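Student: I'm new to this structure and would like a close look at just one part of it. Could you pick a strand and walk me through what surrounds it?

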Amino acid sequence: SDEATRLRNLDAKAEDLRAASDPYLKLAVALSSDLLAQRRETRTRAGKLLTVEPDAIAALKALRASQGKPIYPDANSTLRIAFAEVKGYSPKEGLVATPRTTLTGLFDKVTGEDPFVLPERLRPAFENISPKSPYFVPALGSVPACFLTNGDTTGGNSGSPTLNGQGELVGLNFDRVWENVAGDFGWNADRSRNVNVDIRFALFLMKIEKADALLEEILRTKGTL
């Protein structure tokens, strides 16, 4: 945990690192061969993609041209803004996904087996929350958890802020619904939905987890958002 030691380790010889007694260094040495193999595999895969991606792009251009539409421009490393509205969808006949979920719904789904597991320390905070709490929404009768919007998102948008019409932070984009996994190849008004965590749920969790440093940082930057 000493900074000076970590800096010295950057210039240390491999045999010195292997002989070190520090548990973290022992773990790093034990994983080094696997990590090296993984890096080689990643580079090999990237090299193969260089040969097939041009054909994939050409096919996508042809598809968009047949639809009378241009291909999406390459917006890598640029600021992207997508305009959307909070909206549910019907994934299949007879089923309707409402646009909002709540903490009540999360506990209703708990089975005790992954992925339907919640930390038990959340339960008393949930059961004892006051309707006057800033995280509680009377119209929902609970703490809002997530909401759907029809935004046009892609890989890399996770963590992007979701703003309302007044420019206020209301959520964070983090996923897409299953039916929109292939959304990169075309936005669909009926099933393209991205999933956002409600900022009130995020703040509720920060309070429960006593993430004071994060809360203080949010308060410091509130005036500049």
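Tutor: Start with cysteine 146, which stands opposite valine 197 in strand β5. This is a predicted model, and β5, made of residues 194–198, is a good part of it to follow. The partner on the cysteine 146 side is strand β2, residues 144–149; β2 and β5 run antiparallel and are joined by four bridges. Strand β5 also pairs with β4, residues 169–176, again in the antiparallel sense, over five bridges. In that pairing, arginine 176 stands opposite asparagine 194 of β5.

Now look at how β5 is covered. Five of its five residues are buried. In a regular strand, side chains alternate between the two faces of the sheet. In β5, Asn194, Asn196 and Asp198 lie on one side, with Val195 and Val197 on the other, and both faces are covered.

Val197 leads us onward, as one of the twelve residues in the largest nonpolar core. Other members include Leu103, Phe107, Phe126, Ala145, Phe201 and Phe204. Three elements give two or more residues to this core: α4 (103–109), α5 (122–127) and α6 (199–208). In soluble globular proteins, nonpolar side chains tend to be buried together.

Two core members help to show how the parts meet. Take alanine 145 to begin with: among its contacts are Asn196, Val197 and Asp198, along with Phe201. Alanine 145 also touches Thr101, Thr102, Leu103 and Leu106.

The other is phenylalanine 126, which lies in helix α5. Its relative accessibility is 18%, so phenylalanine 126 counts as buried, the cut-off being under 20%. Contacts of phenylalanine 126 include Leu103, Thr104 and Phe107, as well as Ser142 and Phe204. Phenylalanine 126 and phenylalanine 204 are 78 residues apart in sequence, while their C-alpha atoms are 9.6 Å apart in space.

For a contrast, turn to leucine 27, placed in helix α3, residues 23–66. Because its relative accessibility is 46%, leucine 27 counts as partly exposed. Leucine 27 joins Tyr24, Leu31 and Leu35 in making a nonpolar surface patch of about 400 Å².

To retrace the path, β5 is paired with β2 and with β4, and Val197 belongs to the largest nonpolar core.

Technical notes
Residues are numbered from 1 along each chain as its sequence is written. This is a predicted model: local features need pLDDT of at least 70, side-chain atom pairs count only at pLDDT 80 or more; totals for chains, interfaces and linings use all residues. Side-chain values use heavy atoms; hydrogens and water are left out. A nonpolar core is a set of buried Ala, Val, Leu, Ile, Met, Phe, Trp, Tyr and Cys residues joined through side-chain atoms within 4.5 Å. Buried means under 20% relative accessible area, exposed over 50%, partly exposed in between (1.4 Å probe, protein chains only). Contact means heavy atoms within 4.5 Å. Patches are made of residues with over 30% relative accessible area and no salt bridge: like charges are joined within 9 Å, nonpolar side chains (Val, Leu, Ile, Met, Phe, Trp, Tyr) within 5 Å. Accessible areas come from the Shrake-Rupley method with a 1.4 Å probe; for residues, only the protein chains shown count as cover. A salt bridge is a side-chain nitrogen of Lys or Arg within 4 Å of a carboxyl oxygen of Asp or Glu. Two strands pair if DSSP finds at least two bridges between them. Lists of a residue's contacts leave out its neighbours within four places in sequence.
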